Amino acid sequence: MSEYEIETVDGPAAADEAAAPVPVVAVVGRPNVGKSTLVNRILGRREAVVEDVPGVTRDRVAYEATWSGRRFTIVDTGGWVPDATGLAAAIAEQARLAVDLADVVLFVVDATVGATDVDDAVVEILRRSGKPVVLVANKVDDAATEADAALLWSLGIGEPHPVSALHGRGSGDLLDAVLEALPAEPPPETYGEVGGPRRVALLGRPNVGKSSLLNKLAGENRAVVDSVAGTTRDPVDELIELGGREWRFIDTAGIRRRHRENQGADFYATLRTQSALERAEVAVVLIDASEPLADQDLRIISMVIEAGRALVIAYNKWDLLDEERRYYLEREIDRQLHNARWAPRVNISARTGRHVEKLVPALDTALEGWGTRVPTSQLNRFFADLVAAHPHPVRGGKQPRVLFATQADVRPPRFVLFTTGFLEEGYRRFIERRLREEFGFQGTPIDLVMRIRE
Ligand code: GDP
Ligand code: GDP
(Lines give C-alpha, C1' and ligand atoms only; values in the text may rest on other atoms or scores of the structure.)
(Ligands and ions follow the chains in the order given, each with its own letter.)
Protein backbone atom coordinates (compact mmCIF):
# COMPACT_ATOMS: atom_id res chain seq x y z
CA MET A 1 0.00 0.00 0.00
CA SER A 2 1.44 3.29 -0.95
CA GLU A 3 0.53 5.59 1.82
CA TYR A 4 1.66 9.11 2.40
CA GLU A 5 0.93 11.15 5.41
CA ILE A 6 0.84 14.75 4.48
CA GLU A 7 0.31 17.41 7.05
CA THR A 8 -1.17 20.71 6.05
CA VAL A 9 0.84 23.81 6.72
CA ASP A 10 -1.50 24.56 9.55
CA GLY A 11 -1.31 21.10 10.96
CA PRO A 12 0.39 19.92 14.09
CA ALA A 13 3.86 18.49 13.77
CA ALA A 14 4.20 15.05 12.28
CA ALA A 15 5.16 13.40 15.55
CA ASP A 16 1.67 13.45 16.93
CA GLU A 17 1.31 9.89 17.99
CA ALA A 18 -1.85 10.43 19.99
CA ALA A 19 -3.70 11.25 16.80
CA ALA A 20 -3.62 7.86 15.10
CA PRO A 21 -6.43 7.64 12.60
CA VAL A 22 -9.56 5.65 13.29
CA PRO A 23 -8.98 2.28 11.62
CA VAL A 24 -10.84 1.42 8.43
CA VAL A 25 -12.65 -1.85 7.83
CA ALA A 26 -13.62 -2.51 4.21
CA VAL A 27 -16.33 -4.95 3.17
CA VAL A 28 -15.70 -6.89 -0.03
CA GLY A 29 -17.69 -9.55 -1.83
CA ARG A 30 -19.75 -10.45 -4.85
CA PRO A 31 -23.12 -8.78 -5.38
CA ASN A 32 -25.97 -10.19 -3.29
CA VAL A 33 -23.82 -11.97 -0.75
CA GLY A 34 -25.22 -9.55 1.83
CA LYS A 35 -22.62 -6.81 2.20
CA SER A 36 -25.08 -3.97 2.70
CA THR A 37 -27.13 -6.06 5.06
CA LEU A 38 -24.02 -6.81 7.05
CA VAL A 39 -22.98 -3.16 7.19
CA ASN A 40 -26.42 -2.27 8.46
CA ARG A 41 -26.23 -5.02 11.00
CA ILE A 42 -22.89 -3.75 12.26
CA LEU A 43 -24.16 -0.21 12.43
CA GLY A 44 -27.24 -1.45 14.23
CA ARG A 45 -29.52 0.79 12.26
CA ARG A 46 -31.54 0.18 9.17
CA GLU A 47 -31.42 3.62 7.65
CA ALA A 48 -27.66 3.68 7.15
CA VAL A 49 -27.58 2.35 3.63
CA VAL A 50 -31.12 3.30 2.74
CA GLU A 51 -30.01 6.86 3.34
CA ASP A 52 -28.06 6.81 0.10
CA VAL A 53 -30.06 8.29 -2.72
CA PRO A 54 -31.05 5.51 -5.11
CA GLY A 55 -29.61 5.82 -8.56
CA VAL A 56 -26.61 7.75 -7.35
CA THR A 57 -23.49 5.63 -7.42
CA ARG A 58 -22.84 4.45 -3.92
CA ASP A 59 -19.58 6.25 -3.89
CA ARG A 60 -17.70 6.92 -0.68
CA VAL A 61 -20.00 4.94 1.51
CA ALA A 62 -18.25 5.09 4.83
CA TYR A 63 -19.81 4.92 8.24
CA GLU A 64 -18.71 5.24 11.80
CA ALA A 65 -19.13 2.14 13.88
CA THR A 66 -18.38 1.22 17.46
CA TRP A 67 -17.95 -2.16 19.03
CA SER A 68 -16.88 -2.75 22.62
CA GLY A 69 -15.97 0.91 22.87
CA ARG A 70 -13.64 0.77 19.90
CA ARG A 71 -14.38 3.11 17.03
CA PHE A 72 -13.73 2.23 13.43
CA THR A 73 -14.88 3.29 10.00
CA ILE A 74 -16.68 0.74 7.93
CA VAL A 75 -16.63 1.06 4.17
CA ASP A 76 -18.87 -0.80 1.76
CA THR A 77 -16.75 -1.06 -1.35
CA GLY A 78 -19.64 -2.64 -3.23
CA GLY A 79 -20.78 0.54 -4.88
CA TRP A 80 -17.37 1.71 -5.91
CA VAL A 81 -16.85 -0.04 -9.15
CA PRO A 82 -19.57 1.30 -11.40
CA ASP A 83 -18.78 -0.11 -14.82
CA ALA A 84 -15.78 -2.35 -14.89
CA THR A 85 -16.03 -4.86 -17.71
CA GLY A 86 -17.44 -8.01 -16.23
CA LEU A 87 -18.13 -9.15 -12.74
CA ALA A 88 -14.75 -10.69 -12.08
CA ALA A 89 -12.90 -7.52 -13.04
CA ALA A 90 -15.26 -5.41 -10.96
CA ILE A 91 -14.83 -7.50 -7.86
CA ALA A 92 -11.09 -7.66 -8.33
CA GLU A 93 -10.97 -3.88 -8.53
CA GLN A 94 -13.13 -3.67 -5.44
CA ALA A 95 -10.76 -5.95 -3.58
CA ARG A 96 -7.74 -3.90 -4.60
CA LEU A 97 -9.43 -0.75 -3.41
CA ALA A 98 -10.27 -2.35 -0.13
CA VAL A 99 -6.75 -3.58 0.32
CA ASP A 100 -5.36 -0.13 -0.36
CA LEU A 101 -7.70 1.70 1.94
CA ALA A 102 -8.42 -0.60 4.77
CA ASP A 103 -6.69 -1.80 7.88
CA VAL A 104 -8.84 -4.90 7.90
CA VAL A 105 -10.80 -6.49 5.05
CA LEU A 106 -14.11 -8.19 5.73
CA PHE A 107 -14.53 -10.68 2.93
CA VAL A 108 -18.14 -11.78 2.61
CA VAL A 109 -19.11 -15.04 0.95
CA ASP A 110 -22.61 -16.47 0.60
CA ALA A 111 -22.32 -19.76 2.47
CA THR A 112 -25.44 -21.13 0.85
CA VAL A 113 -23.80 -20.74 -2.55
CA GLY A 114 -20.26 -21.67 -1.57
CA ALA A 115 -16.98 -20.41 -2.98
CA THR A 116 -17.02 -19.39 -6.62
CA ASP A 117 -14.19 -18.72 -9.07
CA VAL A 118 -14.64 -15.04 -8.45
CA ASP A 119 -14.21 -15.61 -4.73
CA ASP A 120 -10.99 -17.51 -5.43
CA ALA A 121 -9.69 -14.59 -7.46
CA VAL A 122 -10.48 -12.19 -4.65
CA VAL A 123 -8.70 -14.43 -2.17
CA GLU A 124 -5.62 -14.28 -4.36
CA ILE A 125 -5.56 -10.47 -4.20
CA LEU A 126 -6.25 -10.40 -0.49
CA ARG A 127 -3.61 -12.97 0.28
CA ARG A 128 -0.92 -11.16 -1.70
CA SER A 129 -1.67 -7.91 0.12
CA GLY A 130 -0.83 -9.33 3.51
CA LYS A 131 -3.70 -7.33 5.00
CA PRO A 132 -5.64 -8.98 7.82
CA VAL A 133 -8.77 -10.59 6.38
CA VAL A 134 -11.80 -11.70 8.30
CA LEU A 135 -13.80 -14.24 6.32
CA VAL A 136 -17.57 -13.96 6.68
CA ALA A 137 -19.71 -16.95 5.83
CA ASN A 138 -23.00 -15.15 5.43
CA LYS A 139 -26.58 -16.36 5.27
CA VAL A 140 -25.99 -18.95 7.95
CA ASP A 141 -29.46 -18.37 9.33
CA ASP A 142 -29.63 -21.52 11.41
CA ALA A 143 -27.56 -24.39 12.79
CA ALA A 144 -28.38 -26.51 9.78
CA THR A 145 -26.40 -24.20 7.51
CA GLU A 146 -23.30 -24.22 9.73
CA ALA A 147 -21.82 -27.05 7.69
CA ASP A 148 -21.91 -24.84 4.58
CA ALA A 149 -19.84 -22.30 6.44
CA ALA A 150 -17.20 -24.87 7.35
CA LEU A 151 -16.74 -25.68 3.67
CA LEU A 152 -15.29 -22.22 3.20
CA TRP A 153 -12.12 -23.28 4.99
CA SER A 154 -11.21 -24.42 1.48
CA LEU A 155 -10.66 -20.82 0.44
CA GLY A 156 -7.44 -20.98 2.42
CA ILE A 157 -7.67 -17.63 4.20
CA GLY A 158 -8.50 -18.87 7.62
CA GLU A 159 -11.56 -19.45 9.71
CA PRO A 160 -14.97 -18.74 8.18
CA HIS A 161 -17.16 -16.88 10.65
CA PRO A 162 -20.74 -18.07 10.28
CA VAL A 163 -23.09 -15.11 10.33
CA SER A 164 -26.62 -14.23 9.46
CA ALA A 165 -26.43 -10.60 8.52
CA LEU A 166 -30.18 -10.62 8.10
CA HIS A 167 -31.04 -11.95 11.55
CA GLY A 168 -27.93 -11.03 13.49
CA ARG A 169 -26.82 -14.55 14.27
CA GLY A 170 -23.06 -14.69 14.95
CA SER A 171 -22.51 -10.98 14.35
CA GLY A 172 -21.14 -10.38 17.85
CA ASP A 173 -18.47 -13.03 17.43
CA LEU A 174 -17.66 -11.62 14.03
CA LEU A 175 -17.11 -8.15 15.45
CA ASP A 176 -14.90 -9.57 18.17
CA ALA A 177 -12.79 -11.10 15.41
CA VAL A 178 -12.69 -7.75 13.60
CA LEU A 179 -11.51 -5.95 16.72
CA GLU A 180 -8.81 -8.52 17.19
CA ALA A 181 -7.58 -7.90 13.65
CA LEU A 182 -7.50 -4.11 14.05
CA PRO A 183 -4.20 -2.39 14.68
CA ALA A 184 -3.37 -1.78 18.33
CA GLU A 185 -5.14 1.13 19.90
CA PRO A 186 -3.18 4.35 20.32
CA PRO A 187 -2.05 5.11 23.87
CA PRO A 188 -4.42 7.26 25.89
CA GLU A 189 -3.74 10.96 26.03
CA THR A 190 -1.33 12.07 28.70
CA TYR A 191 -3.58 14.66 30.18
CA GLY A 192 -7.08 13.75 31.22
CA GLU A 193 -9.63 14.90 28.75
CA VAL A 194 -12.65 14.95 30.96
CA GLY A 195 -13.27 16.57 34.28
CA GLY A 196 -11.21 19.17 36.02
CA PRO A 197 -10.90 22.81 35.08
CA ARG A 198 -9.93 23.58 31.50
CA ARG A 199 -6.21 24.23 31.18
CA VAL A 200 -5.11 27.59 29.82
CA ALA A 201 -1.61 28.74 28.89
CA LEU A 202 -1.03 32.46 28.92
CA LEU A 203 1.67 33.11 26.36
CA GLY A 204 3.45 36.03 24.81
CA ARG A 205 6.82 37.64 24.53
CA PRO A 206 8.23 39.57 27.47
CA ASN A 207 6.38 42.76 28.44
CA VAL A 208 3.20 42.10 26.52
CA GLY A 209 1.36 42.07 29.84
CA LYS A 210 1.06 38.45 30.90
CA SER A 211 1.57 39.03 34.60
CA SER A 212 -0.58 42.15 34.52
CA LEU A 213 -3.42 40.18 32.99
CA LEU A 214 -2.92 37.35 35.43
CA ASN A 215 -3.08 39.79 38.34
CA LYS A 216 -6.17 41.35 36.92
CA LEU A 217 -7.88 38.01 36.50
CA ALA A 218 -6.73 36.61 39.80
CA GLY A 219 -7.10 39.81 41.76
CA GLU A 220 -10.75 40.29 41.12
CA ASN A 221 -11.52 36.65 41.49
CA ARG A 222 -10.24 34.53 44.27
CA ALA A 223 -7.18 32.65 43.17
CA VAL A 224 -6.02 29.39 44.59
CA VAL A 225 -2.37 28.62 44.28
CA ASP A 226 -2.07 25.00 43.54
CA SER A 227 1.30 23.39 43.78
CA VAL A 228 0.63 20.42 41.55
CA ALA A 229 -0.07 17.43 43.71
CA GLY A 230 2.91 15.48 44.91
CA THR A 231 5.57 17.79 43.58
CA THR A 232 7.50 20.58 45.13
CA ARG A 233 8.88 21.53 41.80
CA ASP A 234 8.46 24.74 39.98
CA PRO A 235 5.51 24.56 37.65
CA VAL A 236 2.78 25.97 39.78
CA ASP A 237 -0.63 26.47 38.33
CA GLU A 238 -3.31 28.75 39.54
CA LEU A 239 -6.99 28.01 39.69
CA ILE A 240 -8.91 31.13 38.83
CA GLU A 241 -12.64 31.52 38.76
CA LEU A 242 -13.90 33.25 35.64
CA GLY A 243 -17.45 33.36 34.35
CA GLY A 244 -18.59 31.20 37.23
CA ARG A 245 -16.15 28.36 36.50
CA GLU A 246 -12.67 27.48 37.54
CA TRP A 247 -9.87 27.53 35.02
CA ARG A 248 -6.42 26.20 35.51
CA PHE A 249 -3.83 28.70 34.38
CA ILE A 250 -0.68 26.79 33.61
CA ASP A 251 2.69 27.68 35.08
CA THR A 252 1.70 30.99 36.55
CA ALA A 253 4.82 30.85 38.67
CA GLY A 254 6.81 31.05 35.48
CA ILE A 255 4.84 34.06 34.35
CA ARG A 256 5.24 35.87 37.63
CA ARG A 257 8.91 35.09 38.02
CA ARG A 258 10.14 38.25 36.34
CA HIS A 259 12.72 37.64 33.69
CA ARG A 260 15.52 36.47 35.85
CA GLU A 261 17.65 34.85 33.27
CA ASN A 262 18.93 37.59 31.09
CA GLN A 263 21.31 35.33 29.33
CA GLY A 264 19.49 33.05 26.99
CA ALA A 265 16.20 34.57 28.05
CA ASP A 266 14.80 33.75 24.64
CA PHE A 267 15.77 30.16 24.99
CA TYR A 268 14.12 29.83 28.38
CA ALA A 269 11.06 31.65 27.22
CA THR A 270 10.71 29.19 24.36
CA LEU A 271 11.14 26.25 26.69
CA ARG A 272 8.58 27.67 29.06
CA THR A 273 6.14 28.21 26.25
CA GLN A 274 6.64 24.69 25.00
CA SER A 275 6.16 23.01 28.32
CA ALA A 276 3.13 25.15 29.11
CA LEU A 277 1.65 24.15 25.76
CA GLU A 278 2.18 20.50 26.45
CA ARG A 279 -0.03 20.75 29.49
CA ALA A 280 -2.56 23.22 28.15
CA GLU A 281 -5.69 22.70 26.13
CA VAL A 282 -6.03 26.25 24.98
CA ALA A 283 -3.52 29.10 24.68
CA VAL A 284 -4.17 32.78 25.01
CA VAL A 285 -1.43 34.51 23.06
CA LEU A 286 -1.01 38.07 24.20
CA ILE A 287 0.19 40.60 21.70
CA ASP A 288 1.18 44.16 22.51
CA ALA A 289 -1.20 46.09 20.30
CA SER A 290 0.75 49.31 20.76
CA GLU A 291 3.76 47.94 18.95
CA PRO A 292 4.25 46.42 15.53
CA LEU A 293 3.81 42.66 15.41
CA ALA A 294 7.13 40.99 16.17
CA ASP A 295 8.55 37.81 14.71
CA GLN A 296 8.40 36.38 18.17
CA ASP A 297 4.63 36.93 18.31
CA LEU A 298 4.25 34.97 15.11
CA ARG A 299 6.57 32.26 16.35
CA ILE A 300 4.55 31.78 19.49
CA ILE A 301 1.34 31.51 17.47
CA SER A 302 2.99 28.93 15.23
CA MET A 303 4.04 26.97 18.29
CA VAL A 304 0.45 26.82 19.47
CA ILE A 305 -0.71 25.63 16.06
CA GLU A 306 2.03 23.06 15.83
CA ALA A 307 1.21 21.78 19.28
CA GLY A 308 -2.36 21.35 18.08
CA ARG A 309 -3.87 23.46 20.83
CA ALA A 310 -6.87 25.74 20.73
CA LEU A 311 -5.95 29.39 20.30
CA VAL A 312 -7.26 32.78 21.39
CA ILE A 313 -5.42 35.92 20.40
CA ALA A 314 -5.59 38.82 22.84
CA TYR A 315 -4.43 42.25 21.78
CA ASN A 316 -3.38 43.89 24.99
CA LYS A 317 -2.67 47.52 25.89
CA TRP A 318 -5.65 48.60 23.85
CA ASP A 319 -5.77 51.70 26.08
CA LEU A 320 -2.62 52.97 24.37
CA LEU A 321 -4.06 52.89 20.86
CA ASP A 322 -5.04 55.91 18.86
CA GLU A 323 -7.06 55.91 15.64
CA GLU A 324 -4.03 55.71 13.44
CA ARG A 325 -2.44 52.82 15.23
CA ARG A 326 -5.72 50.94 15.17
CA TYR A 327 -5.91 51.35 11.42
CA TYR A 328 -2.42 50.02 10.90
CA LEU A 329 -2.95 47.23 13.36
CA GLU A 330 -5.90 45.87 11.42
CA ARG A 331 -3.86 45.80 8.24
CA GLU A 332 -0.93 44.17 10.00
CA ILE A 333 -3.17 41.47 11.35
CA ASP A 334 -4.68 40.87 7.95
CA ARG A 335 -1.31 40.59 6.34
CA GLN A 336 0.66 38.70 8.93
CA LEU A 337 -1.75 36.55 10.85
CA HIS A 338 -3.52 34.90 7.95
CA ASN A 339 -2.65 31.41 9.16
CA ALA A 340 -4.59 32.05 12.35
CA ARG A 341 -7.60 33.88 10.96
CA TRP A 342 -9.82 31.35 12.63
CA ALA A 343 -8.67 32.29 16.14
CA PRO A 344 -11.14 34.24 18.27
CA ARG A 345 -9.76 37.63 19.04
CA VAL A 346 -10.20 39.96 22.00
CA ASN A 347 -8.96 43.51 22.36
CA ILE A 348 -8.20 44.10 25.99
CA SER A 349 -6.36 46.21 28.48
CA ALA A 350 -4.86 44.38 31.40
CA ARG A 351 -4.29 47.77 33.00
CA THR A 352 -7.80 49.19 32.84
CA GLY A 353 -9.59 45.87 32.69
CA ARG A 354 -11.23 46.77 29.37
CA HIS A 355 -13.00 43.78 27.79
CA VAL A 356 -11.11 41.32 29.95
CA GLU A 357 -14.43 39.59 30.58
CA LYS A 358 -14.57 38.73 26.87
CA LEU A 359 -11.82 36.21 27.39
CA VAL A 360 -14.18 33.56 28.73
CA PRO A 361 -16.52 33.39 25.72
CA ALA A 362 -13.47 33.41 23.46
CA LEU A 363 -11.95 30.49 25.39
CA ASP A 364 -15.23 28.62 25.23
CA THR A 365 -15.49 29.13 21.50
CA ALA A 366 -11.95 27.93 20.90
CA LEU A 367 -12.35 24.88 23.12
CA GLU A 368 -15.60 24.00 21.41
CA GLY A 369 -14.04 24.15 17.96
CA TRP A 370 -11.13 22.12 19.25
CA GLY A 371 -13.41 19.33 20.39
CA THR A 372 -15.82 19.32 17.45
CA ARG A 373 -16.48 16.01 15.75
CA VAL A 374 -18.31 15.82 12.46
CA PRO A 375 -20.26 12.61 11.90
CA THR A 376 -18.91 10.56 9.00
CA SER A 377 -22.23 10.64 7.16
CA GLN A 378 -22.16 14.44 7.15
CA LEU A 379 -18.54 14.48 6.09
CA ASN A 380 -19.27 12.17 3.20
CA ARG A 381 -22.06 14.39 2.01
CA PHE A 382 -19.83 17.41 2.40
CA PHE A 383 -17.03 15.86 0.35
CA ALA A 384 -19.39 14.49 -2.29
CA ASP A 385 -20.76 18.00 -2.83
CA LEU A 386 -17.36 19.63 -2.66
CA VAL A 387 -15.74 17.26 -5.13
CA ALA A 388 -18.68 17.54 -7.50
CA ALA A 389 -18.74 21.33 -7.44
CA HIS A 390 -14.99 21.93 -7.23
CA PRO A 391 -12.99 19.00 -8.53
CA HIS A 392 -9.25 19.02 -8.14
CA PRO A 393 -7.53 20.53 -11.17
CA VAL A 394 -6.20 18.03 -13.69
CA ARG A 395 -2.45 17.56 -13.34
CA GLY A 396 -0.45 15.65 -15.91
CA GLY A 397 -3.59 14.09 -17.28
CA LYS A 398 -4.69 12.91 -13.85
CA GLN A 399 -7.31 14.21 -11.55
CA PRO A 400 -6.97 13.18 -7.93
CA ARG A 401 -10.27 12.51 -6.20
CA VAL A 402 -11.30 12.36 -2.59
CA LEU A 403 -12.99 8.98 -2.24
CA PHE A 404 -14.09 9.52 1.30
CA ALA A 405 -12.98 11.04 4.54
CA THR A 406 -13.23 10.38 8.20
CA GLN A 407 -12.54 12.55 11.18
CA ALA A 408 -9.98 10.48 12.95
CA ASP A 409 -9.57 12.62 16.00
CA VAL A 410 -10.54 15.68 17.96
CA ARG A 411 -8.47 18.09 20.07
CA PRO A 412 -7.47 19.09 17.49
CA PRO A 413 -9.77 17.94 14.72
CA ARG A 414 -7.90 15.63 12.40
CA PHE A 415 -9.23 14.42 9.09
CA VAL A 416 -8.01 11.54 7.04
CA LEU A 417 -8.78 11.90 3.34
CA PHE A 418 -8.66 8.80 1.23
CA THR A 419 -7.68 9.98 -2.21
CA THR A 420 -6.71 8.65 -5.61
CA GLY A 421 -3.73 10.95 -5.86
CA PHE A 422 -1.78 13.74 -4.26
CA LEU A 423 -3.91 16.76 -3.44
CA GLU A 424 -1.91 19.89 -4.00
CA GLU A 425 -1.57 22.48 -1.30
CA GLY A 426 -3.97 24.98 -2.81
CA TYR A 427 -6.66 22.35 -2.89
CA ARG A 428 -5.96 21.26 0.68
CA ARG A 429 -6.27 24.84 1.82
CA PHE A 430 -9.50 25.10 -0.08
CA ILE A 431 -10.78 21.99 1.69
CA GLU A 432 -9.78 23.40 5.04
CA ARG A 433 -11.49 26.68 4.32
CA ARG A 434 -14.68 24.93 3.25
CA LEU A 435 -14.57 22.67 6.31
CA ARG A 436 -14.39 25.75 8.49
CA GLU A 437 -17.23 27.46 6.64
CA GLU A 438 -19.38 24.41 6.97
CA PHE A 439 -18.63 23.14 10.44
CA GLY A 440 -17.14 26.03 12.39
CA PHE A 441 -13.89 24.91 14.00
CA GLN A 442 -13.31 28.39 15.36
CA GLY A 443 -10.17 28.71 17.40
CA THR A 444 -8.65 25.40 16.45
CA PRO A 445 -6.01 24.24 14.03
CA ILE A 446 -7.25 21.57 11.65
CA ASP A 447 -5.13 18.70 10.58
CA LEU A 448 -5.61 17.14 7.15
CA VAL A 449 -3.89 13.88 6.36
CA MET A 450 -4.02 12.17 2.99
CA ARG A 451 -4.00 8.47 2.44
CA ILE A 452 -3.25 8.00 -1.19
CA ARG A 453 -3.94 4.91 -3.19
CA GLU A 454 -2.11 4.72 -6.46
P1 GDP B 1 -24.85 -6.94 -1.34
O2 GDP B 1 -25.16 -6.80 -2.79
O3 GDP B 1 -23.68 -7.82 -1.11
O4 GDP B 1 -24.73 -5.63 -0.64
O5 GDP B 1 -26.08 -7.76 -0.70
P6 GDP B 1 -27.37 -7.24 0.09
O7 GDP B 1 -27.01 -6.84 1.46
O8 GDP B 1 -28.07 -6.24 -0.76
O9 GDP B 1 -28.19 -8.59 0.19
C10 GDP B 1 -28.61 -9.31 -0.94
C11 GDP B 1 -29.81 -10.18 -0.57
O12 GDP B 1 -29.43 -11.16 0.37
C13 GDP B 1 -30.93 -9.39 0.10
O14 GDP B 1 -32.15 -9.86 -0.39
C15 GDP B 1 -30.77 -9.71 1.57
O16 GDP B 1 -31.96 -9.63 2.27
C17 GDP B 1 -30.25 -11.12 1.52
N18 GDP B 1 -29.45 -11.44 2.71
C19 GDP B 1 -28.43 -10.72 3.21
N20 GDP B 1 -27.94 -11.32 4.32
C21 GDP B 1 -28.66 -12.43 4.51
C22 GDP B 1 -28.64 -13.46 5.51
O23 GDP B 1 -27.86 -13.48 6.44
N24 GDP B 1 -29.54 -14.48 5.36
C25 GDP B 1 -30.42 -14.50 4.35
N26 GDP B 1 -31.26 -15.51 4.31
N27 GDP B 1 -30.48 -13.53 3.41
C28 GDP B 1 -29.62 -12.51 3.49
P1 GDP C 1 4.89 40.28 30.96
O2 GDP C 1 6.36 40.37 30.83
O3 GDP C 1 4.25 39.76 29.72
O4 GDP C 1 4.42 39.56 32.17
O5 GDP C 1 4.35 41.79 31.03
P6 GDP C 1 3.94 42.63 32.31
O7 GDP C 1 2.59 42.25 32.80
O8 GDP C 1 5.04 42.62 33.28
O9 GDP C 1 3.77 44.07 31.64
C10 GDP C 1 4.86 44.75 31.08
C11 GDP C 1 4.58 46.23 31.14
O12 GDP C 1 3.44 46.58 30.39
C13 GDP C 1 4.30 46.69 32.56
O14 GDP C 1 4.90 47.97 32.71
C15 GDP C 1 2.81 46.84 32.61
O16 GDP C 1 2.35 47.81 33.52
C17 GDP C 1 2.49 47.24 31.18
N18 GDP C 1 1.15 46.84 30.79
C19 GDP C 1 0.62 45.58 30.86
N20 GDP C 1 -0.64 45.59 30.38
C21 GDP C 1 -0.91 46.85 29.99
C22 GDP C 1 -2.07 47.49 29.40
O23 GDP C 1 -3.11 46.89 29.12
N24 GDP C 1 -1.98 48.81 29.13
C25 GDP C 1 -0.85 49.53 29.40
N26 GDP C 1 -0.84 50.81 29.10
N27 GDP C 1 0.24 48.95 29.94
C28 GDP C 1 0.22 47.63 30.24
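Reader: Where in the chain does Pro-197 lie?
Author: This is a predicted model, and places in it are given by helix and strand. Pro-197 belongs to neither kind of element, and its place is the loop between helix 6 (171-181) and strand 7 (198-203).

Reader: Is Pro-197 buried, exposed or partly exposed?
Author: A residue needs 20 or more other C-beta atoms within 10 Å to be buried, and 12 or fewer to be exposed. Pro-197 has 17 such atoms within 10 Å, so its class is partly exposed.

Reader: What separates the C-alpha atoms of Pro-197 and Phe-249?
Author: Along the chain, Pro-197 and Phe-249 are 52 residues apart. In space, the separation of their C-alpha atoms is 9.2 Å.

Reader: Where does Asp-251 lie, and is it buried or exposed?
Author: The loop between strand 10 (245-249) and helix 8 (252-256) holds Asp-251. Its phi is positive, near 50 degrees, although the residue is not a glycine. Most residues other than glycine have a negative phi. Asp-251 has 23 C-beta neighbours inside 10 Å, so it counts as buried.

Reader: What is the phi of Phe-441, and is this residue buried or exposed?
Author: Phe-441 sits in the loop between helix 14 (425-439) and strand 16. Phi of Phe-441 is positive, about 60 degrees, in a residue that is not a glycine. With 21 other C-beta atoms within 10 Å, Phe-441 is buried.

Reader: Which residues of the shell come nearest to ligand 2?
Author: The shell around ligand 2 has 16 residues. By class they are 5 nonpolar, 7 polar and 4 charged. The nearest are Gly-209, Lys-210, Ser-211, Ser-212 and Arg-351.

Reader: Which helix gives the most to the shell around ligand 2?
Author: The contribution in question is 3 residues. It comes from the helix that spans residues 210-220, helix 7.

Reader: Which residues are closest to ligand 1?
Author: Ligand 1 is surrounded by 15 residues. Of these, 4 are nonpolar, 8 polar and 3 charged. The closest are Gly-34, Lys-35, Ser-36, Thr-37 and Leu-166.

Reader: Which helix gives the most to the shell around ligand 1?
Author: The helix concerned covers residues 35-43 and supplies 3 residues to that shell. It is helix 1.

Reader: How many residues of helix 1 are buried?
Author: The buried residues of helix 1 are Lys-35, Ser-36, Thr-37, Leu-38, Val-39, Asn-40, Arg-41 and Ile-42. After the helix comes Gly-44, with a positive phi near 70 degrees. Helix 1 is mostly covered, and the count of buried residues is 8 of 9.

Reader: How far does helix 13 reach from its first C-alpha to its last?
Author: Helix 13 runs over residues 376-389 and has 14 residues. At 1.5 Å a residue the expected span is 20 Å, and the model comes close to that with a reach of 20 Å.

Reader: Within what arc do the buried residues of helix 13 fall?
Author: Buried in helix 13 are Thr-376, Leu-379, Asn-380 and Phe-383. Seen down the axis of helix 13, these buried residues line one face, because they fall within an arc of 100 degrees.

Reader: Which exposed residues does helix 13 carry on the face turned away from its buried side?
Author: Exposed here means 12 or fewer other C-beta atoms within 10 Å. On the face of helix 13 turned away from the buried side, the exposed residues are Gln-378, Asp-385, Ala-388 and Ala-389.

Reader: In what order do the strands of the open, mixed sheet stand?
Author: The sheet has 3 strands. Its edges are strand 14 (402-409) and strand 16 (447-452), each of which pairs on one side only. The twist from one strand to the next averages 25 degrees. The order is 14-15-16.

Reader: Which residue of strand 15 stands opposite Gln-407?
Author: Strand 14 and strand 15 (residues 414-419) run antiparallel and are joined by 6 bridges. The partner of Gln-407 in strand 15 is Phe-415.

Reader: Is the peptide bond from Arg-411 to Pro-412 cis or trans?
Author: Pro-412 is found in the loop between strand 14 and strand 15. Most peptide bonds are trans. From Arg-411 to Pro-412, omega is near 0 degrees and the bond is cis.

Reader: Which residue in the hairpin of strand 2 and strand 3 takes a positive phi?
Author: Strand 2 (residues 62-67) and strand 3 (residues 70-76) run antiparallel, joined by 6 bridges. Trp-67 stands opposite Arg-70 in strand 3. Between the strands lie 2 residues, and the positive phi, near 50 degrees, belongs to Ser-68.

How values were computed: Residues are numbered from 1 along each chain as its sequence is written. Chains are lettered from A and ligands numbered from 1 in the order in which they are written. This is a predicted model: local features need pLDDT of at least 70, side-chain atom pairs count only at pLDDT 80 or more; totals for chains, interfaces and linings use all residues. A residue is near a molecule or strand if its C-beta atom, placed from the backbone, lies within 6 Å of it. Helices (H or I, at least four residues) and strands (E, at least two) are DSSP runs, numbered from the N terminus. Ala, Val, Leu, Ile, Met, Phe, Trp, Tyr, Cys and Pro count as nonpolar, Asp, Glu, Lys and Arg as charged, and the others, Gly among them, as polar. Two strands pair if DSSP finds at least two bridges between them. Axes are lines fitted to C-alpha atoms, for helices over the stretch in contact, and angles run from 0 to 180 degrees between N-to-C directions. The expected span of a helix is 1.5 Å times one less than its number of residues. The arc is that of the directions from the helix axis to the C-beta atoms.
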